[in-house]
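The following exercises are to be worked with the sequence and the model in view. Each task is followed by a solution in steps.

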2 protein chains.
Amino acid sequence: MFDECLYFNTTALARQLERVWADAFKPFELTPSQAFTLRAVLRKPGILHSELAETLKIARATATRAVDGLVARHLLERRPGRNDGREWEIHPTPEAANLKFSLDTASARVSEHLKGELGTDAFADFVRQARSISIHLP
Amino acid sequence: MFDECLYFNTTALARQLERVWADAFKPFELTPSQAFTLRAVLRKPGILHSELAETLKIARATATRAVDGLVARHLLERRPGRNDGREWEIHPTPEAANLKFSLDTASARVSEHLKGELGTDAFADFVRQARSISIHLP
DNA sequence: CATATTTAGTTGCATAGCTAACCAACTGAG
DNA sequence: CTCAGTTGGTTAGCTATGCAACTAAATATG
(Lines give C-alpha, C1' and ligand atoms only; values in the text may rest on other atoms or scores of the structure.)
Protein backbone atom coordinates (compact mmCIF):
# COMPACT_ATOMS: atom_id res chain seq x y z
CA MET A 1 0.00 0.00 0.00
CA PHE A 2 2.97 2.29 0.62
CA ASP A 3 5.16 0.48 -1.87
CA GLU A 4 6.95 3.58 -3.09
CA CYS A 5 7.43 5.24 0.24
CA LEU A 6 10.99 5.68 1.42
CA TYR A 7 9.98 6.12 5.02
CA PHE A 8 7.68 3.16 5.11
CA ASN A 9 9.96 0.69 3.40
CA THR A 10 13.08 1.74 5.26
CA THR A 11 11.52 1.56 8.69
CA ALA A 12 9.85 -1.77 7.90
CA LEU A 13 13.17 -3.17 6.69
CA ALA A 14 14.90 -1.84 9.79
CA ARG A 15 12.47 -3.71 12.03
CA GLN A 16 13.03 -6.88 10.08
CA LEU A 17 16.80 -6.53 10.28
CA GLU A 18 16.46 -5.93 13.98
CA ARG A 19 15.05 -9.44 14.29
CA VAL A 20 17.76 -10.97 12.13
CA TRP A 21 20.56 -9.39 14.12
CA ALA A 22 18.80 -10.15 17.39
CA ASP A 23 19.03 -13.82 16.50
CA ALA A 24 22.69 -13.45 15.67
CA PHE A 25 23.49 -11.97 19.07
CA LYS A 26 21.13 -14.18 21.04
CA PRO A 27 23.87 -16.66 21.99
CA PHE A 28 25.56 -13.83 23.88
CA GLU A 29 22.31 -12.70 25.46
CA LEU A 30 22.83 -9.30 23.96
CA THR A 31 20.36 -7.25 21.96
CA PRO A 32 21.62 -5.66 18.75
CA SER A 33 21.84 -2.27 20.49
CA GLN A 34 23.86 -3.70 23.31
CA ALA A 35 26.08 -5.64 20.95
CA PHE A 36 26.83 -2.62 18.80
CA THR A 37 27.47 -0.44 21.83
CA LEU A 38 29.88 -3.02 23.12
CA ARG A 39 31.56 -3.44 19.76
CA ALA A 40 32.05 0.31 19.48
CA VAL A 41 33.72 0.44 22.88
CA LEU A 42 35.83 -2.60 22.14
CA ARG A 43 37.12 -0.91 19.02
CA LYS A 44 37.91 2.26 20.92
CA PRO A 45 38.42 1.63 24.62
CA GLY A 46 38.19 4.85 26.58
CA ILE A 47 35.67 6.36 24.18
CA LEU A 48 33.62 9.19 25.67
CA HIS A 49 29.82 9.18 25.84
CA SER A 50 29.50 11.94 23.30
CA GLU A 51 31.77 10.13 20.86
CA LEU A 52 29.86 6.93 21.40
CA ALA A 53 26.57 8.66 20.66
CA GLU A 54 28.04 10.10 17.50
CA THR A 55 29.54 6.79 16.43
CA LEU A 56 26.30 4.90 16.96
CA LYS A 57 24.21 7.79 15.62
CA ILE A 58 21.99 7.88 18.67
CA ALA A 59 21.11 10.67 21.10
CA ARG A 60 23.43 11.17 24.06
CA ALA A 61 20.63 10.22 26.43
CA THR A 62 20.28 6.89 24.67
CA ALA A 63 24.01 6.27 24.93
CA THR A 64 23.81 6.85 28.69
CA ARG A 65 21.17 4.13 29.01
CA ALA A 66 22.98 1.71 26.76
CA VAL A 67 26.16 2.08 28.79
CA ASP A 68 24.21 1.81 32.07
CA GLY A 69 22.90 -1.56 30.99
CA LEU A 70 26.27 -2.94 30.00
CA VAL A 71 27.90 -1.61 33.16
CA ALA A 72 25.22 -3.45 35.14
CA ARG A 73 26.18 -6.60 33.25
CA HIS A 74 29.86 -6.06 34.06
CA LEU A 75 30.79 -5.70 30.43
CA LEU A 76 31.70 -2.02 30.57
CA GLU A 77 33.00 0.35 33.18
CA ARG A 78 33.18 4.13 33.41
CA ARG A 79 36.32 5.96 34.41
CA PRO A 80 36.55 9.71 35.03
CA GLY A 81 37.92 11.67 32.08
CA ARG A 82 41.51 12.78 32.49
CA ASN A 83 41.34 16.41 31.42
CA ASP A 84 37.72 17.36 31.62
CA GLY A 85 35.88 16.60 34.85
CA ARG A 86 32.58 16.28 33.06
CA GLU A 87 33.69 13.51 30.78
CA TRP A 88 33.68 9.77 31.38
CA GLU A 89 35.77 7.24 29.56
CA ILE A 90 34.05 3.97 28.77
CA HIS A 91 36.20 0.86 28.99
CA PRO A 92 35.43 -2.78 28.31
CA THR A 93 35.94 -5.20 31.17
CA PRO A 94 38.19 -8.22 30.60
CA GLU A 95 35.03 -10.28 30.27
CA ALA A 96 33.92 -8.06 27.41
CA ALA A 97 37.31 -8.20 25.77
CA ASN A 98 36.87 -11.95 25.45
CA LEU A 99 33.75 -11.36 23.38
CA LYS A 100 35.29 -8.99 20.86
CA PHE A 101 36.13 -11.54 18.24
CA SER A 102 32.94 -13.56 18.62
CA LEU A 103 30.72 -10.49 18.35
CA ASP A 104 32.41 -9.22 15.25
CA THR A 105 32.22 -12.69 13.80
CA ALA A 106 28.56 -13.13 14.65
CA SER A 107 27.69 -9.93 12.84
CA ALA A 108 29.95 -10.76 9.90
CA ARG A 109 28.33 -14.16 9.57
CA VAL A 110 24.88 -12.63 9.14
CA SER A 111 26.22 -10.16 6.65
CA GLU A 112 27.94 -12.86 4.64
CA HIS A 113 24.84 -14.97 4.66
CA LEU A 114 22.75 -12.11 3.35
CA LYS A 115 25.35 -11.24 0.73
CA GLY A 116 24.92 -14.81 -0.43
CA GLU A 117 21.18 -14.37 -0.76
CA LEU A 118 21.12 -10.87 -2.17
CA GLY A 119 24.36 -10.74 -4.11
CA THR A 120 27.46 -9.05 -2.80
CA ASP A 121 27.13 -6.07 -5.12
CA ALA A 122 23.47 -5.39 -4.43
CA PHE A 123 24.22 -5.61 -0.74
CA ALA A 124 27.13 -3.18 -0.90
CA ASP A 125 25.24 -0.81 -3.19
CA PHE A 126 22.32 -0.67 -0.88
CA VAL A 127 24.46 0.09 2.14
CA ARG A 128 26.32 2.75 0.22
CA GLN A 129 23.07 4.32 -0.88
CA ALA A 130 21.72 4.25 2.65
CA ARG A 131 24.76 6.22 3.81
CA SER A 132 24.45 8.58 0.90
CA ILE A 133 20.80 9.32 1.64
CA SER A 134 21.67 9.72 5.28
CA ILE A 135 24.22 12.44 4.66
CA HIS A 136 21.77 14.34 2.47
CA LEU A 137 19.18 14.47 5.22
CA PRO A 138 18.91 17.20 7.86
CA MET B 1 32.91 2.52 12.26
CA PHE B 2 30.17 0.22 10.97
CA ASP B 3 30.22 1.75 7.52
CA GLU B 4 29.58 -1.49 5.69
CA CYS B 5 26.97 -2.88 8.01
CA LEU B 6 23.50 -3.32 6.57
CA TYR B 7 21.87 -3.42 9.98
CA PHE B 8 23.64 -0.39 11.31
CA ASN B 9 23.14 1.86 8.32
CA THR B 10 19.54 0.86 7.74
CA THR B 11 18.45 1.39 11.32
CA ALA B 12 20.32 4.70 11.53
CA LEU B 13 18.68 5.88 8.33
CA ALA B 14 15.30 4.77 9.61
CA ARG B 15 15.71 6.90 12.71
CA GLN B 16 16.68 9.88 10.60
CA LEU B 17 13.70 9.41 8.30
CA GLU B 18 11.50 9.12 11.35
CA ARG B 19 12.46 12.69 12.21
CA VAL B 20 11.87 13.95 8.68
CA TRP B 21 8.40 12.45 8.46
CA ALA B 22 7.62 13.52 12.01
CA ASP B 23 8.13 17.10 10.86
CA ALA B 24 5.92 16.55 7.87
CA PHE B 25 3.02 15.33 10.02
CA LYS B 26 3.58 17.77 12.85
CA PRO B 27 0.96 20.22 11.55
CA PHE B 28 -1.65 17.49 12.11
CA GLU B 29 -0.27 16.63 15.53
CA LEU B 30 0.23 13.09 14.34
CA THR B 31 3.34 10.97 14.64
CA PRO B 32 4.46 9.08 11.54
CA SER B 33 3.07 5.84 12.99
CA GLN B 34 -0.27 7.42 13.65
CA ALA B 35 -0.34 9.09 10.27
CA PHE B 36 0.42 5.88 8.42
CA THR B 37 -2.11 3.94 10.45
CA LEU B 38 -4.72 6.51 9.62
CA ARG B 39 -3.75 6.60 5.97
CA ALA B 40 -4.05 2.83 5.75
CA VAL B 41 -7.54 2.91 7.23
CA LEU B 42 -8.56 5.81 5.00
CA ARG B 43 -7.53 3.80 1.98
CA LYS B 44 -9.47 0.78 3.15
CA PRO B 45 -12.26 1.70 5.53
CA GLY B 46 -13.47 -1.34 7.44
CA ILE B 47 -10.03 -2.95 7.43
CA LEU B 48 -9.54 -5.57 10.14
CA HIS B 49 -6.80 -5.39 12.76
CA SER B 50 -4.97 -8.35 11.31
CA GLU B 51 -5.02 -6.83 7.83
CA LEU B 52 -3.86 -3.54 9.21
CA ALA B 53 -0.93 -5.19 10.97
CA GLU B 54 0.02 -6.94 7.76
CA THR B 55 -0.32 -3.78 5.69
CA LEU B 56 1.81 -1.75 8.06
CA LYS B 57 4.20 -4.64 8.67
CA ILE B 58 3.87 -4.42 12.41
CA ALA B 59 2.83 -6.94 15.05
CA ARG B 60 -0.87 -7.30 15.79
CA ALA B 61 -0.29 -6.05 19.31
CA THR B 62 1.22 -2.87 17.94
CA ALA B 63 -1.74 -2.38 15.63
CA THR B 64 -4.08 -2.65 18.61
CA ARG B 65 -2.21 0.15 20.36
CA ALA B 66 -2.03 2.35 17.29
CA VAL B 67 -5.78 2.05 16.75
CA ASP B 68 -6.46 2.64 20.45
CA GLY B 69 -4.67 5.98 20.23
CA LEU B 70 -6.54 7.13 17.15
CA VAL B 71 -9.87 6.01 18.56
CA ALA B 72 -9.12 8.10 21.65
CA ARG B 73 -8.50 11.03 19.34
CA HIS B 74 -11.82 10.45 17.58
CA LEU B 75 -10.15 9.75 14.27
CA LEU B 76 -11.03 6.06 14.10
CA GLU B 77 -13.79 3.86 15.40
CA ARG B 78 -14.18 0.11 15.79
CA ARG B 79 -17.25 -1.76 14.63
CA PRO B 80 -17.94 -5.43 15.26
CA GLY B 81 -17.09 -7.69 12.32
CA ARG B 82 -20.09 -8.88 10.38
CA ASN B 83 -19.36 -12.56 9.98
CA ASP B 84 -16.78 -13.37 12.57
CA GLY B 85 -17.51 -12.31 16.13
CA ARG B 86 -13.83 -12.02 16.94
CA GLU B 87 -13.09 -9.47 14.26
CA TRP B 88 -13.37 -5.70 14.41
CA GLU B 89 -13.67 -3.39 11.46
CA ILE B 90 -11.78 -0.15 11.71
CA HIS B 91 -13.44 2.89 10.21
CA PRO B 92 -12.31 6.49 9.88
CA THR B 93 -14.52 9.13 11.48
CA PRO B 94 -15.75 12.01 9.33
CA GLU B 95 -13.10 14.15 10.98
CA ALA B 96 -10.44 11.74 9.74
CA ALA B 97 -11.91 11.64 6.29
CA ASN B 98 -11.26 15.35 6.03
CA LEU B 99 -7.58 14.71 6.56
CA LYS B 100 -7.14 12.09 3.87
CA PHE B 101 -5.96 14.38 1.14
CA SER B 102 -3.74 16.53 3.35
CA LEU B 103 -1.99 13.54 4.86
CA ASP B 104 -1.26 11.95 1.53
CA THR B 105 -0.06 15.30 0.26
CA ALA B 106 2.15 15.94 3.27
CA SER B 107 3.91 12.64 2.76
CA ALA B 108 4.18 13.13 -0.98
CA ARG B 109 5.71 16.55 -0.45
CA VAL B 110 8.54 15.12 1.64
CA SER B 111 9.11 12.40 -0.91
CA GLU B 112 9.20 14.86 -3.76
CA HIS B 113 11.58 17.07 -1.88
CA LEU B 114 13.94 14.19 -1.25
CA LYS B 115 13.70 13.02 -4.83
CA GLY B 116 14.91 16.47 -5.73
CA GLU B 117 17.90 16.14 -3.45
CA LEU B 118 18.77 12.55 -4.17
CA GLY B 119 17.63 12.15 -7.73
CA THR B 120 14.39 10.47 -8.68
CA ASP B 121 16.07 7.33 -9.93
CA ALA B 122 18.35 6.84 -6.96
CA PHE B 123 15.36 7.33 -4.72
CA ALA B 124 13.19 4.80 -6.54
CA ASP B 125 16.06 2.31 -6.82
CA PHE B 126 16.72 2.47 -3.15
CA VAL B 127 13.10 1.90 -2.23
CA ARG B 128 12.88 -0.97 -4.68
CA GLN B 129 16.01 -2.53 -3.21
CA ALA B 130 14.70 -2.12 0.30
CA ARG B 131 11.60 -4.08 -0.66
CA SER B 132 13.66 -6.67 -2.43
CA ILE B 133 15.88 -7.22 0.60
CA SER B 134 12.82 -7.34 2.80
CA ILE B 135 11.22 -10.18 0.89
CA HIS B 136 14.44 -12.17 1.03
CA LEU B 137 14.57 -12.00 4.80
CA PRO B 138 12.90 -14.47 7.16
C1' DC C 1 -22.58 -32.88 19.97
C1' DA C 2 -18.57 -32.32 22.92
C1' DT C 3 -14.09 -31.36 23.24
C1' DA C 4 -9.66 -29.93 21.21
C1' DT C 5 -7.40 -26.82 18.26
C1' DT C 6 -6.91 -22.67 15.87
C1' DT C 7 -7.49 -17.78 15.25
C1' DA C 8 -8.45 -12.46 16.21
C1' DG C 9 -7.59 -9.41 19.21
C1' DT C 10 -5.81 -7.65 23.80
C1' DT C 11 -2.83 -7.14 27.74
C1' DG C 12 1.58 -7.30 30.37
C1' DC C 13 6.11 -6.57 30.29
C1' DA C 14 10.37 -5.20 28.30
C1' DT C 15 13.62 -2.59 25.05
C1' DA C 16 15.27 1.34 22.40
C1' DG C 17 14.71 5.54 20.87
C1' DC C 18 13.64 10.68 21.28
C1' DT C 19 13.23 15.61 23.28
C1' DA C 20 13.32 18.71 27.00
C1' DA C 21 14.90 20.03 31.22
C1' DC C 22 18.39 19.71 34.36
C1' DC C 23 23.22 19.69 36.99
C1' DA C 24 27.93 20.26 37.18
C1' DA C 25 32.10 21.52 35.12
C1' DC C 26 34.51 24.14 31.89
C1' DT C 27 35.46 28.60 29.08
C1' DG C 28 35.63 33.17 27.97
C1' DA C 29 34.59 38.29 28.23
C1' DG C 30 34.84 42.07 30.83
C1' DC D 1 38.44 37.06 39.20
C1' DT D 2 33.71 36.69 38.37
C1' DC D 3 29.71 35.71 36.13
C1' DA D 4 27.44 34.41 31.78
C1' DG D 5 27.31 31.12 28.47
C1' DT D 6 28.49 26.54 26.73
C1' DT D 7 29.14 21.69 27.03
C1' DG D 8 29.11 16.61 28.78
C1' DG D 9 26.29 13.76 30.85
C1' DT D 10 21.95 12.37 33.29
C1' DT D 11 17.05 12.15 34.31
C1' DA D 12 12.04 12.37 33.32
C1' DG D 13 8.54 11.34 30.52
C1' DC D 14 6.87 9.83 26.21
C1' DT D 15 6.29 6.76 21.78
C1' DA D 16 6.76 2.68 19.04
C1' DT D 17 7.87 -1.73 18.85
C1' DG D 18 8.12 -6.78 20.01
C1' DC D 19 7.15 -11.34 22.29
C1' DA D 20 4.53 -14.19 25.30
C1' DA D 21 0.53 -15.20 27.56
C1' DC D 22 -4.21 -14.60 27.71
C1' DT D 23 -9.59 -14.50 26.34
C1' DA D 24 -13.17 -15.42 23.49
C1' DA D 25 -14.95 -16.96 19.25
C1' DA D 26 -14.80 -20.14 15.44
C1' DT D 27 -13.62 -24.54 13.45
C1' DA D 28 -12.46 -29.29 13.27
C1' DT D 29 -12.35 -33.94 14.97
C1' DG D 30 -13.83 -37.94 16.97
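**Exercise 1. Identify the residues that touch the most other members of the largest nonpolar core.**

Solution. Step 1: a nonpolar core is a set of buried Ala, Val, Leu, Ile, Met, Phe, Trp, Tyr and Cys residues joined through C-beta atoms within 7 Å. A residue is buried if 20 or more other C-beta atoms lie within 10 Å of its own, exposed if 12 or fewer, and partly exposed in between, with C-beta atoms placed from the backbone. Step 2: the largest core of this predicted model holds 71 residues, of which Leu6(A), Leu38(A), Val41(A), Leu76(A), Leu6(B), Leu38(B) and Leu76(B) touch the most other members. Step 3: Leu6(A) touches Leu17(B), Ser111(B), Leu114(B), Phe123(B) and Val127(B), not counting residues up to four places away in sequence. Two residues are in contact if their C-beta atoms, placed from the backbone, lie within 7 Å.

As conventions, residues are numbered from 1 along each chain as its sequence is written, while chains are lettered from A and ligands numbered from 1 in the order in which they are written. Local features need pLDDT of at least 70 and side-chain atom pairs count only at pLDDT 80 or more, whereas totals for chains, interfaces and linings use all residues.

**Exercise 2. Describe the side of chain B that touches chain A, and state how the two copies are related.**

Solution. Step 1: 42 residues of chain B are in contact with 42 residues of chain A. Step 2: helix H1 (6-25), helix H2 (32-43), helix H6 (100-118) and helix H7 (120-136) of chain B each supply at least two residues of this side. Helices (H or I, at least four residues) and strands (E, at least two) are DSSP runs, numbered from the N terminus. H1(B) gives the most, with 14 residues. Step 3: by class, this side of chain B has 25 nonpolar, 10 polar and seven charged residues. Here Ala, Val, Leu, Ile, Met, Phe, Trp, Tyr, Cys and Pro count as nonpolar, Asp, Glu, Lys and Arg as charged, and the others, Gly among them, as polar. Step 4: a turn of 180° and a shift of 0.0 Å along the axis lay chain B on chain A with an RMSD of 0.0 Å. The two copies are therefore related as by a two-fold rotation axis. The superposition is by least squares on the C-alpha atoms of residues with pLDDT of at least 70 in both. Step 5: 100% of the interface residues of chain B are also interface residues in chain A, so the copies meet through the same surface.

**Exercise 3. Which residues come nearest to DNA strand D, and which are the closest to DNA strand C?**

Solution. Step 1: a residue is near a strand if its C-beta atom, placed from the backbone, lies within 6 Å of it. Step 2: of the 24 residues around DNA strand D, Ser50(A), Ala61(A), Thr64(A), Thr31(B) and Gly85(B) come nearest. H4(B) gives the most to this surface, with five residues. The surface divides into seven nonpolar, nine polar and eight charged residues. Step 3: around DNA strand C there are 23 residues, the closest being Thr31(A), Ala59(A), Gly85(A), Ser50(B) and Ala61(B). H4(A) gives the most there, with four residues.

**Exercise 4. How many bridges join the paired strands of chain B?**

Solution. Step 1: two strands pair if DSSP finds at least two bridges between them. Step 2: strand E1 (residues 47-48) and strand E3 (residues 88-92) of chain B pair in the antiparallel sense over two bridges, and Ile47(B) has Ile90(B) as its bridge partner. Step 3: strand E2 (residues 76-80) of chain B pairs with E3(B), again antiparallel, over five bridges; Arg78(B) stands opposite Ile90(B).
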